[in-house]
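Visitor: I'd like to poke around this model with you. Can you pull it up and let me fire off some questions?

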Amino acid sequence: MTPVAKHRAQPVRPRYGRISVLATSLAVTAVAVLGASGVLPTPGGETARGAANRAATAEDSPGPVAAPTPNVVASPEVDASPEPAAASPEAAPAASPEAVPADSGQGRRIVFSQSRQRVWLVTRSGRVQRTYPVSGSVEDNLDPGTYTVYSRSEDAVGIDDSGTMRHFVRFTQGPSGAAIGFHDIPVDDGRRVQTVAQLGTPRSHGCIRQRPVDARALWAFAPLGTTVVVTP
């Protein structure tokens with residue numbers, strides 16, 4: 001028979017290397033778990049949970065606040081354009097030729113302007129009821145002033161049979177004693193001694209000549225005692 005070989009038992013060597021690796025792995029795992037749970041401190045001396053909280057707080061914080069900017073009041077804009085030159089005073093507008101003379105009294109009156117050869121019939125309130133051109137005297141026989149109607153004749157004859165006239169309203173007398181007043185344009189030998197177009201210029205020898213329609217209007221306006229104002 002074949003002899004059986006005898007084997008010697010080999011001694012078992014402990015596997016310290018594997019145990020060390022396993023221990024190290026367990027330690028790392030434990031550290032990781034404890035660190036994640038916030039038990040272990042971070043290298044800076046605070047726990048991981050505290051570091052996480054600080055990081056979260058840092059994210060939520062608005063960051064550094066800038067210093068407030070002082071209120072600055074903007075200065076008003078300056079208009080660099082040149083200011084318009086002051087308007088030169090305009091000359092006073094000339095009085096209308098139909099305006100009542102300034103110094104012609106007040107109240108109800110007849111106004112006759114020698115320079116303007118015009119008559120105004122003015123009411124008690126100062127309203128001009130009527131105004132129109134006339135022909136006054138070519139002679140200097142009527143002084144400016146205030147007079148009163150003292151005589152009226154619906155029909156009259158001129159001195160030395162110089163013609164006939166209607167609606168004669170007398171308010172004064174000339175140097176010769178002849179009456180001076182208002183009437184229509186005289187008619188001599190069947191013809192008027194001047195035309196209506198010539199009214200507005202001196203043509204008579206003392207009285208104030210008017211168109212027939214204006215003579216009738218003044219006649220109706222001027223009873224005895226009516227004030228007559230003659231201006232230069």
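Visitor: How exposed is Gln 129: buried, partly exposed or exposed?
Guide: This is a predicted model, so keep that in mind throughout. Gln 129 sits in strand E3, which covers residues 128–133. Its relative accessible area is 44%, and since buried means under 20% and exposed means over 50%, Gln 129 counts as partly exposed.

Visitor: And what is the C-alpha separation between Gln 129 and Phe 221?
Guide: Leaving out neighbours within four places in sequence, Gln 129 is in contact with Leu 121, Thr 123 and Phe 221. Gln 129 and Phe 221 are 92 residues apart along the chain, yet their C-alpha atoms are separated by 9.6 Å.

Visitor: Ala 102 caught my eye too. How far is it from Thr 231 in space, C-alpha to C-alpha?
Guide: Ala 102 lies in the loop between helix H2 (48–60) and E1. At 77% relative accessibility, which is over the 50% cut-off, Ala 102 counts as exposed. Along the sequence Ala 102 and Thr 231 are 129 residues apart, while in space the C-alpha distance is 9.6 Å.

Visitor: Let's zoom out. What pattern does the chain follow along the sequence?
Guide: The tally for the chain is three helices and eleven strands. As for contacts between residues at least 6 apart in sequence, 52% join residues at least 24 apart. Read from start to end, the pattern is α-α-β-β-β-β-β-β-β-β-β-β-α-β.

Visitor: Which element supplies the largest share of the largest nonpolar core?
Guide: Nonpolar side chains tend to be buried together in soluble globular proteins. Here the largest nonpolar core has 20 residues, with Ile 110, Val 119, Phe 171, Phe 182 and Leu 218 touching the most other members. Strands E1 (109–113), E2 (118–122), E6, E7 (179–184) and E11 (227–231), along with H3, each supply at least two residues of this core. The largest share, three residues, comes from H3.

Visitor: Which residues does Leu 218 touch, beyond those up to four places away in sequence?
Guide: Leu 218 is one of the core residues that touch the most other members. With residues up to four places away set aside, its contacts are Ile 110, Val 119, Leu 121, Tyr 132, Val 169, Phe 182 and Gln 210.

Visitor: Now a charged one. Which side chain does the side chain of Asp 214 make a polar contact with?
Guide: Asp 214 is in helix H3 (residues 212–221). Its relative accessible area is 1%, so Asp 214 is buried. Not counting residues up to four places away, Asp 214 touches Arg 130 and Tyr 132. The polar contact, at 2.9 Å, is with the side chain of Arg 130.

Visitor: Is Thr 172 buried or exposed?
Guide: Thr 172 is in strand E6, residues 164–173. Outside its neighbours up to four places away, Thr 172 touches Leu 142, Tyr 147, Tyr 150, Ala 178, Ala 179 and Ile 180. With a relative accessible area of 14%, Thr 172 comes out as buried.

Visitor: Any backbone oddities? What is the phi of His 167?
Guide: Most residues other than glycine have a negative phi. His 167 is in strand E6, and at 9% relative accessibility it counts as buried. Its phi is positive although His 167 is not a glycine, at about 55°.

Visitor: Where does Asp 189 lie?
Guide: Asp 189 is a residue other than glycine with a positive phi, near 55°. Asp 189 is exposed, with a relative accessible area of 76%. Its place is the loop between strand E8 (187–188) and strand E9 (191–192).

Visitor: Pocket time. Which element gives the most to the lining of the largest pocket?
Guide: About 540 Å³ of space lies in the largest pocket. Its lining has 22 residues, with Ile 159, Ser 162, His 205, Gly 206 and Cys 207 lying nearest the centre. The elements giving two or more residues to that lining are E6 and E7. With three residues, the one that gives the most is E7.

Visitor: How many charged residues are in that lining?
Guide: By class, the lining of the largest pocket has eleven nonpolar and nine polar residues. The charged residues there number two.

Key
Residues are numbered from 1 along each chain as its sequence is written. This is a predicted model: local features need pLDDT of at least 70, side-chain atom pairs count only at pLDDT 80 or more; totals for chains, interfaces and linings use all residues. Side-chain values use heavy atoms; hydrogens and water are left out. Helices (H or I, at least four residues) and strands (E, at least two) are DSSP runs, numbered from the N terminus. Buried means under 20% relative accessible area, exposed over 50%, partly exposed in between (1.4 Å probe, protein chains only). A polar contact is a pair of N or O atoms within 3.5 Å; within protein, one must be able to donate a hydrogen and the other to accept it, and residues adjacent in sequence count only if both atoms are side-chain atoms. Contact means heavy atoms within 4.5 Å. A nonpolar core is a set of buried Ala, Val, Leu, Ile, Met, Phe, Trp, Tyr and Cys residues joined through side-chain atoms within 4.5 Å. On a 1 Å grid over the protein atoms alone, a cavity is a set of points where a 1.4 Å probe fits but cannot get out, and a pocket is an open set with protein on both sides within 12 Å along at least five of seven lines; lining residues have an atom within 4 Å of a point. Grid points are joined across faces, edges and corners, and a volume is the space filled by probe spheres set on the points. Ala, Val, Leu, Ile, Met, Phe, Trp, Tyr, Cys and Pro count as nonpolar, Asp, Glu, Lys and Arg as charged, and the others, Gly among them, as polar.
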